[in-house]
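Labels such as "buried" or "paired" are easy to read past. What stands behind each of them here?

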Amino acid sequence: MNTKELVCLAARLADEKKAENIRVIDLQGKSSLCDFVLIVTATSKPHLDAVEEEISKKLKEKGVYKLNRDGRESPFWRVSDYGGFLAHIMVAQAREFYGLDELFTFGKTIDFTQPVKKATTKKTVAKKATKKTTAKKTVKKATTKKTAVKKTTVKKPAAKKQSPKKTTKKK
């Protein structure tokens, strides 16, 4: 899975745990910190714990682990760093106070409920073109008759040999 698919999965998991005001913000090319930010509101500390645990558990099943985590016992805010995205799980008071939504206004909010479309890369296009070309070549080989080709060798003209000059004596 690519990073966009992972952050959208994390957002859907938070939604299944009844988190509120879920936002996925695309920061690709605009931030050196990460490509995406997930901001989620939990209603209480136990809810915050449950949302964080659900995201962590399901991403581990996909082979994706947290690189770092902050706010271990905070009843207000947890941040999990998954490399390509940061997951901020906060209670409403902390979200309002710290204003992360306003901090990331330069990013684009994406709809995490829609399936992520795979971007067509140059490699993908090149692979498809190669497959088509290979198929055409295979068909041509099957229909083309082989004709015997007679090999001819071309002789290079021999270099002129210079004979030694005869010296004549003067009488």
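The questions below set computed values against the definitions used.

Q: What kind of model is this, and how are its residues numbered?
A: This is a predicted model: local features need pLDDT of at least 70, side-chain atom pairs count only at pLDDT 80 or more, and totals for chains, interfaces and linings use all residues. Residues are numbered from 1 along each chain as its sequence is written, and side-chain values use heavy atoms, with hydrogens and water left out.

Q: How many helices and strands are in the protein chain, and what makes a run count as one?
A: There are five helices and six strands. Helices are DSSP runs of H or I with at least four residues, strands are runs of E with at least two, and both are numbered from the N terminus. From that end, the elements run α-β-β-α-β-β-β-α-α-β-α.

Q: Why is Cys 8 called buried?
A: Buried means under 20% relative accessible area, exposed means over 50%, and partly exposed lies in between (1.4 Å probe, protein chains only). Cys 8 has 1% relative accessibility, so it counts as buried. Cys 34, at 4%, is buried too.

Q: How many disulfides does the structure hold?
A: Zero. A pair would need its cysteine sulfur atoms within 2.5 Å.

Q: Why is Lys 18 called exposed?
A: Its relative accessibility is 64%, so Lys 18 counts as exposed. Lys 18 lies in the loop between α1 and β1. Its phi is positive, about 70 degrees, although Lys 18 is not a glycine.

Q: Where is Asn 21, and what is its phi?
A: Asn 21 is in strand β1. Its phi is positive, about 45 degrees, although Asn 21 is not a glycine.

Q: How do you know that six strands form one open sheet, and in what order?
A: Two strands pair if DSSP finds at least two bridges between them. On that basis six strands form an open sheet in the order β3-β4-β5-β2-β1-β6, with mixed pairing. The edge strands are β3 and β6 (108-110), since each pairs on one side only. The twist averages 20 degrees from one strand to the next.

Q: What makes the pairing mixed?
A: Both senses occur. β2 and β5 pair in the parallel sense over seven bridges. Ala 42 has Val 91 in β5 as its bridge partner. β1 and β2 pair in the antiparallel sense over five bridges, and β1 and β6 are also antiparallel, over three.

Q: Which bridge partners does Ile 25 have?
A: In β2, the partner of Ile 25 is Val 37. In β6, the partner is Thr 109. Elsewhere, Glu 20 stands opposite Thr 41 in β2.

Q: Why is β2 called largely enclosed?
A: Seven of the seven residues of β2 are buried, so the rest of the structure largely encloses this strand. Both faces are covered. Phe 36, Leu 38, Val 40 and Ala 42 are buried on one side, and Val 37, Ile 39 and Thr 41 on the other. β1 is also largely enclosed, because five of its seven residues are buried.

Q: How do you know that the length of helix α2 agrees with its residue count?
A: The expected span of a helix is 1.5 Å times one less than its number of residues. α2 (residues 45-61) has 17 residues, so it should span 24 Å. Its end C-alpha atoms are 24 Å apart, which agrees. Just after α2, Gly 63 takes a positive phi of about 85 degrees.

Q: What covers the buried residues of α2?
A: The buried residues include His 47, Leu 48, Val 51 and Leu 59. Their cover includes α1 (3-16), β2 (36-42), β3 (68-70), β4 (77-81) and β5 (85-91). Contact means heavy atoms within 4.5 Å.

Q: How do α1 and α2 lie across the strands?
A: Axes are lines fitted to C-alpha atoms, for helices over the stretch in contact, and angles run from 0 to 180 degrees between N-to-C directions. α1 lies across β1 (20-26), β2, β5 and β6, at about 5 degrees to β2. α2 lies across β2, β3, β4 and β5, at about 160 degrees to β5.

Q: How much of the protein chain is buried?
A: Buried residues make up 33% of its 171 residues.
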